[in-house]
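Colleague: I have a favour to ask before I go back to the bench. Could you take me through one part of this model closely, strand by strand, and then tell me what surrounds it?

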Amino acid sequence: LPTNVPLWLENQSLRETMRLSAGGRAVRVVLSNRYGSTPVRLGEVSIGLLDGPVPAQRLTFSGHADVSIPPGAAVTSDPLQWTVPPLARLWVGTHVPGRTRVESFHWGALQTIEVDQGKRTGALPAAVAHIDGRLFLNAVLVDAGGEGRTVVALGDSITDGNGATPNTDRRWPDFLAQRLASHGIGVAN
């Protein structure tokens, strides 16, 4: 399949985007190397709002700015005390400092990843390449407080978004998230 996913990354920064369903007062990011056969080393990871004046926030992993994801595993960032509204559009920036083989990815995520040379995780002013899908970003976990509830959408490629317009958050679980956001209910796709 023409996935447009490179075999290798080296001294590049990625900006992966997503839209939350529920808002909350703290976030954690899950990065994955589930199908990889070698470790993935990330030098720095940041998170920011696509539509907002709030500056990028650096994430840590067990107190460190860099993290290595073992083959077949995932890592979760330390909680970041950061209030995010329901339906917020976020970006997660990751710097890949060394030569890294890309073996784990989600091709059908319907989001475009911006790629730039060098270490630019705080913001990417001009992407030099684009990748369709998701590489390392697996999930953004939001602490919605004691009253938070979640609906999980499980299904085939239509649930994943097949047929929806890329980068528009128009999968049927996105519409469900819009309907449930005012009730404090999150939707996990």
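Modeller: Happy to! Let us start with S12 and S13, which run antiparallel and are joined by four bridges. Within that pairing, Ile 113 faces Ile 131 of S13. Please keep in mind that this is a predicted model. The average pLDDT of the protein is 89, and 97% of the residues score at least 70. S13 itself has the lowest mean pLDDT among the elements, 82, while strand S8 (residues 74–76) has the highest, 98.

These two strands belong to an open sheet of six, ordered S6-S5-S10-S2-S12-S13 and paired in the antiparallel sense. Strand S13 (129–132) is at one edge and strand S6 (57–58) at the other; each has a single partner strand, so one side of each is left without a neighbour in the sheet. In general, the strands of a sheet pair through backbone hydrogen bonds.

Moving inward from S13, we come back to strand S12 (residues 112–117), which is joined to S2 by four bridges, again antiparallel. Here Arg 15 has Glu 114 of S12 as its bridge partner. Further along the order, strand S5 (residues 44–49) and strand S10 (residues 89–96) form an antiparallel pair over six bridges. Leu 49 and Leu 90 are bridge partners in that pair.

Which residue of S2 deserves a closer look? I would pick Gln 12, which lies in that strand. Gln 12 counts as buried because its relative accessibility is 13%, below the 20% cut-off for that word. Its side chain comes to 3.2 Å from the backbone nitrogen of Glu 10. Beyond its neighbours within four places in sequence, Gln 12 is in contact with Thr 94, His 95 and Val 96, and also with Val 115, Asp 116, Gln 117 and Gly 118.

Just before it, Asn 11 sits in the loop between strand S1 (8–9) and S2. Asn 11 has a phi near 45°, a positive value in a residue other than glycine. As a rule, most residues other than glycine have a negative phi. With a relative accessible area of 35%, Asn 11 is partly exposed. A second positive phi, near 65°, occurs at Leu 87. Leu 87 is placed in the loop between strand S9 (80–84) and S10, and is partly exposed too, at 27% relative accessible area.

Now for the packing. The largest nonpolar core has 33 residues, and Leu 31, Leu 42, Ile 47, Leu 135 and Phe 136 have the most contacts inside it. Leaving out residues up to four places away in sequence, Leu 42 touches Leu 31 and Phe 136, as well as Asp 66, Val 67, Ile 69, Thr 94, His 95, Val 96 and Pro 97. Thr 94, His 95 and Val 96 thus turn up in the contacts of both Leu 42 and Gln 12.

Finally, S2 also meets a helix. In helix H2 (residues 172–181), the buried residues are Pro 173, Asp 174, Ala 177, Leu 180 and Ala 181. Viewed down the helix axis they fall within an arc of 130°, so they line one face of H2. Strand S2 (12–19) is among the elements that cover these buried residues, along with strand S15 (149–152), helix H1 (157–160) and strand S16 (185–188).

Methods: Residues are numbered from 1 along each chain as its sequence is written. This is a predicted model: local features need pLDDT of at least 70, side-chain atom pairs count only at pLDDT 80 or more; totals for chains, interfaces and linings use all residues. Side-chain values use heavy atoms; hydrogens and water are left out. Buried means under 20% relative accessible area, exposed over 50%, partly exposed in between (1.4 Å probe, protein chains only). The arc is that of the directions from the helix axis to the C-beta atoms. Contact means heavy atoms within 4.5 Å. A nonpolar core is a set of buried Ala, Val, Leu, Ile, Met, Phe, Trp, Tyr and Cys residues joined through side-chain atoms within 4.5 Å. Two strands pair if DSSP finds at least two bridges between them. A polar contact is a pair of N or O atoms within 3.5 Å; within protein, one must be able to donate a hydrogen and the other to accept it, and residues adjacent in sequence count only if both atoms are side-chain atoms. pLDDT is the predictor's confidence in each residue, from 0 to 100.
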